[in-house]
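Work through the exercises below with the sequence and the structure side by side. Try each task before you read its solution.

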Amino acid sequence: MASWVLGEFQDDGALCGAARRLRELGHGRLDAHTPVPVPAVEEALGLGRSPVPLIALCGAILGGAGGYLMQWWMNAVDYSINVGGRPDHAAPAFIPVTFETTVLATAIFIVLGFFALAGFPRTHHPVFEVEAFRTASVDGLWLSAEVEPAAAEGVAEELRRLGARNVSRVEEEA
Amino acid sequence: MSAESAARVERVDPLEPVPVLAGRPGDRELNDALFEPVWAKTRRGWLALFAVAVPLAGLLFLAIAYTLATGIGVWGNNVPVGWAFDIINFVWWIGIGHAGTLISAILLLFQQRWRTSINRFAEAMTLFAVIQALIFPALHTGRPWFDFWLFPYPSTLGLWPNFKSPLIWDVFAVNTYFLVSLLFWYVGLIPDLAALRDTSRSRAARVAYGIFALGWRGSARHWRHHRIAYLLLAGISTPLVLSVHSVVSFDFAVSVLPGWHTTVFPPYFVAGAIFSGFAMVLTLVIPARKVFGFESVITGKHLDNMAKVMLATGLMVSYGYLVEHFNAWYSGDHLESFLFFTTRQRGPYAPVYWLMIFCNVVVPQVFWFRRARQSTWALWVAALLVNVGMWTERFVIIVTSLHRDFLPSSWAMYYPTWVDWSIYLGTLGFFGTLFLLFLRFVPAVSASEVKELRRELEHEAQAHAAH
Amino acid sequence: MPPLGKGALHVLGEGRGEAPADGRERWRSLAEREGGGAHPAEFPAGAAEAPEAFSRRGFFKILGASAALAGLGACRPPRDAIHPWVRQPEKAVVPGASLHYATALAVGGYGVGLLVTSTEGRPTKVEGNPDHPSSLGAAGAFEQAALLDLYDPRRLRGFTRRGQPLSHRAVLRSLVELAASHREDGGRRLRFLVGESASPLLADLRRRIQASYPGARFHVFESLARDEVRGGHRVAFGRPMEARLRLDRAAVILSLDDDFLALGPDRLRLARELAAGREPGPEMSRLYVAEAHLSLTGSSADHRLRMRPSEVLAFGRAVAHRLAEKHGLAALAGCGLAPAARAREAAAVADDLARARGRALVTAGQRQPAAVHALVAALNAALGAAGATVEYRPAPEDPAGAAPLRDLAAAIAAGQVDTLVVTASNPVYGAPADVDLGPLLARVPDGVYLTLRPDETSARSSFVVAASHPFESWGDLRATDGTASICQPLVAPLAESLSEPELLASFLGEGDRGGHALVKASWEARRPRPDFDAEWRRWLGRGLVPGTATAGEAPAVRLGAVAAAAGAVPAARQGLEASFVADAKVLDGRFAENAWMQELPDPVTKLTWDNAALLSPATARRLGVETGRRAELRLRGRRVEAPVYVVPGHADDVVTLPLGYGRTAAGPVGTNVGFSAGALRSGDAPWFEGGLALAPVGIRKHAFAATQEHFSMEGRDIALSFDRAQWSPEKVAHLRGALPTLLDPAGDPEEPYRWGMAIDLSRCTGCSACAVACQAENNVPVVGKAQVARSREMHWLRIDRYFAGDPENPEVLSQPVACVHCERAPCEYVCPVNATVHSDEGLNEMVYNRCVGTRYCSNNCPYKVRRFNFFEYNKEKPPTEKMLMNPDVTVRHRGVMEKCSYCVQRIERVRITARLEGRPIREGEVLTACQQACPAQAIVFGNLADPRSRVSAWHGSDRRYDLLHEVGTRPRTAYLVRIRNPNPELA
């Protein structure tokens, strides 16, 4: 049982200010919703570096090693056979496939990692209940706070004071 | 707004640089303008094109069914010419499929702003081109129903693929390329899908786009992962693009056949791929921006830059031809010299060779001239010719090398059959169909990125004013 | 297949053409399963109609029923005891095992001894009988292709008289009645039209018929008759003789238009003897060939003297003249004549012959007129060749001097013939154009025609009798040296039919005795002895009757007569000349329905499924035609339209017209293939004739289906040939041995067997016997003209043919090329699915069931020996032809690649035997099909790990080189350069 308080701001500056202020007040879990990335707001919300690159690295290592070992095991170990008098373990010939598996694994790790971190897919989220919020993906700059229902009213007040328009609150029905 | 800004683009003073974004429209304006093709009624021109593309696609599937039913003997292939239209078209389409990822990835890494308004377009083209390309390796085998034997899986034959074969490298490269391009394209598309969801008027559209948007809320958390993920994908796509056509070129370079067995192939194939890719982007973008009024976002600047890229890659391709012939002479290999200085110039397929030289070496030279680069007509015709030229290049490489190889006793001619032509034209139709559907249901220009670009430009303007 | 006793196959069933009881049941059920007519209907529904009425497929469908009957028939051994070849351990016929049976086959006249492989009672392969003097273990294309005829679904089944089907008994009865009707007038209205035959039994029967019907007459018809040979010898010796060449004893050979390597009953032996004499060295023999069209023999010659057929006599006389003038052979003075042309050549040839006196040999082709043969007899006598390099023997006696075809035609026209028994092959088609036999035959009340298939003649005959295939019937045949062989059947006839002896015997009231009794009785009469049965079995077991060879003679030459004959022939006329030749593939048309022969590329032109008017480049230029252009040929008011094919090395002002095509009733395979040269042929000038007119017609080009279109080597080291004088091993040193390599590839495993092959281009004549052997052994499909035209022929072994030097008279090189089994095979490493890999013993193996058909291997094969199944080529195979399939070799399906396997199935068979006997495989134990068939022994296969093996010796030869050595494929098949021995005086 949580509830969200939403407010729309005029420009990046107002948005960042509001974010900083609410953060100081420590009101619930804050988030900004913008049609384009606004690095300033991420700072204001105190979001650290994204772990996606690390995930990508794991993918790369797994894909690369896996790809090479697969070829080596299949052609040189499990079914070694004379093919045109070439060596069974032909390292140069294994490079292209190794490269491709590396890239493929990396890409898949990146995307799945991103989805996991972003909590995708979640096609329905309570904030979508607010009709005005639909501008968030077009030109609206929104700030949202996930708070205890009790505290919701206070946060709404705070938002209005900070100059938010269309301040509204959503209850998550349990 | 598009009309007048378009006019502005045409009336641009040649001395001052053409803007990458015409006018100073607001986010909402941009959004409406860019989504307009999706929300507006189906255009007549679109319908007309669709009515052409779909029957052609139908022809493709008929020809495929016929081939599967009777055997690839219905094609013109024979011994010695074991590969012909099948692999020519494969390489041609794969080549075309290179511009997209290249534009989005490499230009993104190099912070080329002008990329933003054409990357989505180009990536879509990539995907659809690769889909066409994938048809051919799958279909060209004698027993397509056993194609899955090319994948390493524990089979009842207890046997694995031969990883020394360039065809296996192909299987991995092309499929990887398709998947990665798809992911790259989709990840970049998510914010716009969300925007479509939020600007949709009908519930159906809202649900449909909502599903594909995966619940994107433009949250700062989303953005921060999205940005880096997108950048990393761009990072790995760049070497991927270069690898794919290198691997395709290995199909030939790794063989012993004169005309195939050439070390210059990988770079020269990559250059050729980019060359043909940009040609295809131009071929499609020039009409599209007219029809959908994107002149304000896809400005003369973009066309101009693409023309320059084509000039550069065209010169690389020409250099490739030069090196091939030089090596044939310098190596003193009589088989190679015979191929490069007799078979190609004077053999039965000489007209194709000279057409290739004209389209790929002569035509791009017009891009030295600014006037040519800025006349959409000149650009479009040149681009078309380059597409033709790159097809003939693959014909020259594959067919002329095969039809007169080592032992004159086995020399023979190759003639395509109506099935060969149907499949080729069919893929054009299928490609067109997919592309038209894309133009109809997905914003062809990335709205979120254009908005981002707009902000950057504004900040710069302010910084400028401050001085 | 009932179990069978040791050695002999037991007698099964009583009545001819009947199966044992259990066989009957199986037969019925099978017939029902096939939905065919109930046994014993000889004519399944529809089979009686003309095949032309049906599509090929529909036709086979209709034949399905009868073929199914035949199918079981094929599993029945012949009724009378036949005996396996003695050189092999006798064993019962067990499933999977195969036995060899010795028999003999005549492709026109004399017999060639064969061994036929029988698998579970089905003959599946024809090979040569090493003991037979005319085979020496080799089998030619014709002998091998005859097997396909055995299984031809279009074969005639049963008998019809005036459209009424007759049973076997009924036909014998009606023949007896027919015979009886001729008794009282002594057979004055009874005629026989027979082919040339060296069968003692048939001669016997003819003599007895003649005795009991004094008024009856025998007429002999062969479209490729040897009348001129006998005529010439009649002039020279006073009696008809046959010349038997001994090339192994000859040092200098002059062939006057004699294509002895391609035609004639001795071509296999002669190829062997010539090859033996061609061993490079001072003892190497020299071959001169004077001829018009580029023949096999001509392409093997050291000197080809291009001339029109009509100029050959003059050349021969010029040689005689020189011999008389310069070398004191006064005997030849009368026949000699100072040359008007080619004096230099004639002189050089004469001098060469004179130098080699006693080891010289002159021979003339059957196409040359009697005068030439007479002259040649005189030359050989003078050169001391007679008895040394050539033996003369009396020609097989014509029963009471057979009368020519023309007399028969006259007699029929005059209504003097009630019964005409035709056993000659298809006379209506083969008869010269001035004897229009068809309508005449139709006028004969009882035209009895014995034939394997319905054809032009059967259409005109009122009484058609299905002939048993030679592999289905008993008989006997003499070889050219008189050696007799007993022909034993391999299977009971696939359908009710009679053999020629049985047909003739029925005129003596012995038709019901059966071929076995007839031939055995005749030999018992000839060689009576108490233990005859044992002796008989020995003969069958060996494939010949010992001590039947007759001694050659060297009869005295009547020089005056020869001179007169030579002088009587008018000098050659100017102008365009027509020259008729037997086709290398369909002979005189009797192989026109044989798909193997139709698709076999012509040794010289490489044309398949076609013949053409062949002429020289100069003549083509003069007449304004080029290859593929259609032209109208006019001769004596007769007209034929034919496509032109320009052949380098062809003589000028002469058009060569291969016979045997343009058949009108030859089923789906042979009908309307090519044009009928016979339509221009006159009885009085059967081989060549002046006054030909050739004019191009239309503009549309004729679509030839040739397996090779480029005949120049483009200066590459492909098929190498050197003159003996210029030759030195260094010349090919750069084409063998190891090449430098950057990284050391995996070494070859040390195996007890390293299979390899070597091909000696000095020996190869390009006769194509190996190609047919390969096709038969490896179930290689026939794909038809359209596919060949798209260059999709399936032959695993092809014979490349190149021209070198002067385009007017080039050197001709033949090079058999199959998979060379590279140790560093380019095809293997590019296969994505490991469908072509390498065996430890060095075989480049093709795994059909793993192949997906990317064709990458073929693209990367420098030799282009791989063949791809673009369609399901085996789909339409009729049930009978399925019985021909070699059970040891997979039948390939659509979409897979295939190629030469070094006959791996034969290697494995031998390996099994060796294992059972606990010993290693012996040298010479494994024979590939091509090696076995090769008459010149140009192909050697064996174990390279054994330094004493022949193949190792050839690989070590200083003539050895590797094809495309520079590609670094390390082929296991090596080639030996061809060495020619031209006469320095003609350099």
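**Exercise 1. A strand and its partner**

Decide how well strand β3 (residues 122–128) of chain C is covered, and find the strand it pairs with.

Solution. Keep in mind that this is a predicted model. Start with burial. In β3(C), 7 of 7 residues are buried, so the strand is mostly covered by the cut-off of under 20% relative accessible area. Next, look for the partner. Strand β2 (residues 111–119) of chain C pairs with β3(C) in the antiparallel sense, over 6 bridges. Pick one position to fix the register: E127(C) in β3(C) stands opposite L115(C). Finish at the turn. The hairpin of β2(C) and β3(C) has 2 residues between the strands. There, E120(C) takes a positive phi near 50°.

**Exercise 2. Salt bridges within chain C**

For the salt bridge of D446(C) and R162(C), give the closest N and O distance. Then state which parts of the chain the pair ties together.

Solution. The closest N and O atoms of D446(C) and R162(C) are 3.2 Å apart. D446(C) lies in strand β15 (residues 446–451) of chain C, and R162(C) lies in the loop between β4 (159–161) and β5 (164–166) of chain C. The pair therefore ties together parts that are 284 residues apart in sequence. Now check accessibility. D446(C) has 7% relative accessibility, so it counts as buried. R162(C) has 49%, so it counts as partly exposed.

Repeat the steps for D533(C) and K520(C).

Solution. These side chains meet in a salt bridge at 3.3 Å, N to O. D533(C) is in helix α17 (residues 532–542) of chain C and K520(C) is in helix α16 (residues 514–526) of chain C, so the pair links parts 13 residues apart in sequence. D533(C) is partly exposed, with a relative accessible area of 41%. K520(C) is buried, at 18%.

Are R892(C) and E898(C) buried or exposed?

Solution. Both are buried. They form a salt bridge, with the closest N and O atoms 3.0 Å apart.

Last step: step back to the whole. The structure holds 98 salt bridges over all chains. Some residues join in a network of salt bridges, including R244(C), D266(C), R269(C) and E391(C).

**Exercise 3. Two interfaces of chain C**

Describe the contact of chain C with chain B by area, residues and polar links.

Solution. Begin with area. Chain C and chain B bury about 4500 Å² between them, 56% of it on carbon and sulfur atoms. Then count residues: 51 come from chain C and 61 from chain B. Now the links. There are 2 salt bridges between the two chains. One of them joins K864(C) to D405(B), with the closest N and O atoms 3.0 Å apart. There are also 37 residue pairs in polar contact. On chain C, the side that touches chain B divides into 23 nonpolar, 13 polar and 15 charged residues.

Do the same for chain A and chain C.

Solution. The buried area is about 830 Å², and carbon and sulfur atoms give 56% of it. N82(A), V83(A) and R86(A) supply 51% of the area that chain A buries against chain C, more than any other three residues. The contact takes 7 residues from chain A and 10 residues from chain C. The rule finds 0 salt bridges here. The count of residue pairs in polar contact is 2. On chain A, the touching side has 3 nonpolar, 3 polar and 1 charged residue.

Technical notes. Residues numbered from 1 in each chain as written. Chains lettered and ligands numbered in written order. Predicted model: local features only at pLDDT ≥ 70, side-chain atom pairs only at ≥ 80, totals over all residues. Heavy atoms only, no water. Contact = heavy atoms within 4.5 Å. Buried area = accessible area lost by both parts, 1.4 Å probe. Salt bridge = Lys/Arg side-chain N within 4 Å of Asp/Glu carboxyl O. Polar contact = N/O pair within 3.5 Å; in protein donor to acceptor, adjacent residues only side chain to side chain. Nonpolar A, V, L, I, M, F, W, Y, C, P; charged D, E, K, R; others polar. Helix = DSSP H or I, 4+ residues; strand = E, 2+ residues; numbered from the N terminus. Buried < 20%, exposed > 50% of the residue type's maximum accessible area, 1.4 Å probe, protein only. Pairing = 2+ DSSP bridges.
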